[in-house]
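Me: I have a protein model open and would like to go through its strands. Please keep the answers short.

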Amino acid sequence: MIRVNASDNGTPPKSVEGTIYVTVTRQQDTPVFIQTPYSVNISENTPVTSKIYSVKARSHINQPGTIHYEVLGSGSSPSYFNVNTTTGEIIVRSNLKTDLTETYILKVTAFDPSSPSLKAIPGFSTLSHLVLSCTEPLDHSPRLIYHL
């Protein structure tokens with residue numbers, strides 16, 4: 001904010017005061033996901049809170065904490081998986097045995113945390129997908145059945 005006062009040299013002098021508001025917006029750098037596409041196979045027995053994968057985005061600023069991650073809603077995926085906001089680590093958040101889904105598609109966005117209100121605007125965030133294939137382990141050891 002800058003206050004400006006203008007006056008003349010008249011008799012009596014006249015003056016007027018005004019305020020100028022200046023907004024400085026830094027240039028945004030849209031993060032870019034690296035090492036895509038993302039895909040991982042996991043067991044339905046994977047314990048809750050396990051770190052199962054890590055997504056990574058970069059920007060030209062490239063300073064720690066300059067990119068944050070967030071899971072976006074899509075099907076049941078956000079109920080079963082979460083992402084660490086600062087590291088990009090994907091974490092199991094619910095027991096996978098309670099769901100019959102075999103393949104989850106997790107939508108993860110990367111954005112500049114200094115402008116969180118802009119993350120929904122195209123050009124200020126990046127979206128990537130992680131395909132998680134859930135396998136069911138054998139409940140019993142295989143056995144050979146031999147008939148004569």
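Reply: Start with one definition: two strands pair if DSSP finds at least two bridges between them. The model is predicted, and the mean pLDDT of the protein chain is 83.

Me: How many bridges join strand 10 to strand 11?
Reply: Strands 10 and 11 run antiparallel. One bridge between them sets Phe111 against Ser125 in strand 11. The number of bridges joining the two strands is 9.

Me: Do strand 4 and strand 11 run parallel or antiparallel?
Reply: Strand 4 is joined to strand 11 by 6 bridges. Asn41 stands opposite Ser133 in strand 11. The direction of this pair is parallel.

Me: Which strands are the edge strands of the open sheet of 4 strands?
Reply: The order in this sheet is 4-11-10-7, with mixed pairing. An edge strand here pairs on one side only. Strand 7 (residues 68-72) is joined to strand 10 (residues 103-111) by 5 antiparallel bridges, and Leu72 stands opposite Lys107 in strand 10. The edge strands are strand 4 and strand 7.

Me: Is Val4 buried, partly exposed or exposed?
Reply: Val4 lies in strand 1 (residues 2-7) and helps make a nonpolar surface patch of about 320 Å² with Ile2, Ile20 and Val22. Its relative accessible area is 37%. Buried means under 20% and exposed means over 50%, so Val4, at 37%, is partly exposed.

Me: In which strand is confidence lowest?
Reply: Confidence is highest in strand 9 (residues 89-92), at a mean of 96. At the other end, with a mean of 87, is strand 11.

Note on methods: Residues are numbered from 1 along each chain as its sequence is written. This is a predicted model: local features need pLDDT of at least 70, side-chain atom pairs count only at pLDDT 80 or more; totals for chains, interfaces and linings use all residues. Side-chain values use heavy atoms; hydrogens and water are left out. pLDDT is the predictor's confidence in each residue, from 0 to 100. Patches are made of residues with over 30% relative accessible area and no salt bridge: like charges are joined within 9 Å, nonpolar side chains (Val, Leu, Ile, Met, Phe, Trp, Tyr) within 5 Å. Accessible areas come from the Shrake-Rupley method with a 1.4 Å probe; for residues, only the protein chains shown count as cover. A salt bridge is a side-chain nitrogen of Lys or Arg within 4 Å of a carboxyl oxygen of Asp or Glu. Buried means under 20% relative accessible area, exposed over 50%, partly exposed in between (1.4 Å probe, protein chains only).
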